Amino acid sequence: SASSAGGNRCVAAAEACTADAQCRQLRTEYVARCLVGAAPGDCVRSRCRRALRRFFARGPAALTHPLLFCSCADPACAERRRQTFVPACAFASPGRAPPSCLAPLERCERSPLCRPRLLAFQAACAPAPGSGNSCPQDRGRLCLHAYARLVGTAVTPNYVDNASARVAPWCDCGASGNRHEECEAFRGLFIRNSCL
Amino acid sequence: MEARRLLLCVLLLPALWQSLGEGLDPPGALVVEKEFLEQTAEAGRTWRPHQGSYHPHVRLRRAPAGPCQLWSLTLRVAELGLGYTSEEKVLFRYCAGSCHRGARTQHGLALAWLQGQGRAHGQVCCRPTRYTDVAFLDDRHHWQRLPQLSAAACGCGG
């Protein structure tokens with residue numbers, strides 16, 4: 001039968017993962033962990049995030065990364081991409097306002113798991129010195145890899161909407177007081193990053 | 001589902017006594033509609049409809065050749081017949097095959113013996129001994145998880 005994916009690369013990525021035994025099992029596991037509970041906000045976030053880290057760590061990158069980084073031309077595809085890692089559990093708390101970015105940042109700096117990953121992300125996705133804002137040629141893949149390692153940590157980033165490819169952690173800089181610049185700088189790592 | 005399984009086992013009963021121990025199709029094997037494809041006896045082979053000749057009502061022989069084993073189907077979610085829709089395809093595994101070699105559990109062994117003596121109904125059947133979950137994102141972009149939907153291992157039991 002004709003491919004049901006059509007032009008939707010995110011569906012194609014899902015099917016490629018399903019076709020591989022290891023990827024299929026890891027994906028089913030994180031969905032199971034992240035869907036626990038009657039309402040979307042009832043899940044145990046730590047368990048969900050741990051299963052997500054396991055998915056990206058143990059799953060073959062050639063199959064797990066396309067699930068996260070599939071390119072989209074329409075909102076349906078982008079919405080699927082946004083829902084990839086069950087964000088209602090792992091990313092946002094439905095019904096609650098996003099916290100200041102300083103909160104997850106501080107939690108991450110104190111976490112022996114998160115801190116090295118954040119530093120690696122900053123290093124891998126930094127623009128080339130002196131080149132303005134452009135991304136160094138060999139960095140693209142490394143940056144994406146470092147980004148994938150942030151999924152499931154305190155600073156888990158996700159696509160912010162289904163109309164663009166912008167990503168950010170679940171936070172904003174409205175209530176950052178006199179540390180507003182610091183907050184914006186952190187958020188800028190994601191939003192204004194040419195390597196992503 | 002249970003009735004269908006029982007029917008299948010009862011239909012296989014004449015084959016058990018007439019054949020020489022091989023998994024042959026009995027003369028009365030249920031072939032419901034015109035077949036497009038023959039199943040092979042390769043263990044665990046994924047069966048896909050041939051490109052271009054896909055017919056939504058293609059039916060397999062009810063009595064597959066070969067011993068009890070795990071089979072795989074790659075299906076669109078809607079084809080599961082459970083009312084879900086999704087763009088994704090999922091893997092559905094099931095158990096089918098003959099149980100001439102008999103059961104592996106105490107229950108199955110005793111049952112086969114009693115059935116042989118005519119003191120118990122039915123027949124030792126090929127069935128799943130373990131299941132796994134299946135998960136997918138549906139058409140409305142909600143995650144769905146179907147626990148224990150797909151077979152993970154097969155055995156001959158009661």
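At what angle do helix 1 (residues 9-19) of chain A and helix 2 (residues 21-34) of chain A cross, and how close do their axes come? In this predicted model, the two axes cross at roughly 110° and come within 5 Å. Helix 1 of chain A is therefore roughly perpendicular to helix 2 of chain A, since angles of 65 to 115 degrees fall in that class. On the side of helix 1 of chain A, the contact is built from Ala14(A), Cys17(A), Thr18(A) and Ala19(A). Helix 2 of chain A answers with Ala21(A), Cys23(A), Arg24(A) and Arg27(A). Sorted by class, the residues of this contact comprise 5 nonpolar, 1 polar and 2 charged.

A further pair to look at is helix 7 (residues 102-110) of chain A with helix 8 of chain A, whose axes lie 6 Å apart at an angle of about 110°. This angle makes helix 7 of chain A roughly perpendicular to helix 8 of chain A. Leu105(A), Cys108(A) and Glu109(A) are the residues that helix 7 of chain A brings to the contact, while Cys114(A), Arg115(A) and Leu118(A) come from helix 8 of chain A. Of the residues in this contact, 4 are nonpolar and 2 are charged, with no polar residue present.

Helix 8 (residues 114-124) of chain A also packs with helix 9 (residues 140-148) of chain A, here at an angle of about 160° and with 8 Å between the axes. The outcome is a roughly antiparallel arrangement of helix 8 of chain A and helix 9 of chain A, because an angle over 145 degrees counts as such. The crossing of these two helices is left-handed. Here Ala120(A), Phe121(A) and Ala124(A) of helix 8 of chain A meet Leu142(A), Cys143(A), Ala146(A) and Tyr147(A) of helix 9 of chain A. The contact of helix 8 of chain A with helix 9 of chain A has 7 nonpolar residues, and neither polar nor charged ones.

Turning to salt bridges, the structure holds 9 over all chains. One of them joins the side chains of Arg82(A) and Glu79(A), with an N to O distance of 3.1 Å. Both residues belong to helix 5 (residues 75-82) of chain A, and because they are 3 residues apart there, about one helical turn separates Arg82(A) from Glu79(A).

Chain A and chain B also meet each other, burying an area of about 1800 Å² between them. Carbon and sulfur atoms give 55% of that area. Chain A supplies 20 residues to the contact and chain B supplies 18 residues. Across this interface of chain A and chain B, 2 salt bridges are found. Arg80(A) and Glu88(B) form a salt bridge, in which the closest N and O atoms are 2.8 Å apart.

Technical notes
Residues are numbered from 1 along each chain as its sequence is written. Chains are lettered from A and ligands numbered from 1 in the order in which they are written. This is a predicted model: local features need pLDDT of at least 70, side-chain atom pairs count only at pLDDT 80 or more; totals for chains, interfaces and linings use all residues. Side-chain values use heavy atoms; hydrogens and water are left out. Axes are lines fitted to C-alpha atoms, for helices over the stretch in contact, and angles run from 0 to 180 degrees between N-to-C directions. Helices (H or I, at least four residues) and strands (E, at least two) are DSSP runs, numbered from the N terminus. Angles under 35 degrees count as roughly parallel, over 145 as roughly antiparallel, 65 to 115 as roughly perpendicular and the rest as oblique. A crossing is left-handed if the near helix is turned anticlockwise from the far one by less than a right angle, and right-handed if clockwise. Contact means heavy atoms within 4.5 Å. Ala, Val, Leu, Ile, Met, Phe, Trp, Tyr, Cys and Pro count as nonpolar, Asp, Glu, Lys and Arg as charged, and the others, Gly among them, as polar. Buried area is the accessible area (1.4 Å probe) that two parts lose on being put together, summed over both. A salt bridge is a side-chain nitrogen of Lys or Arg within 4 Å of a carboxyl oxygen of Asp or Glu.
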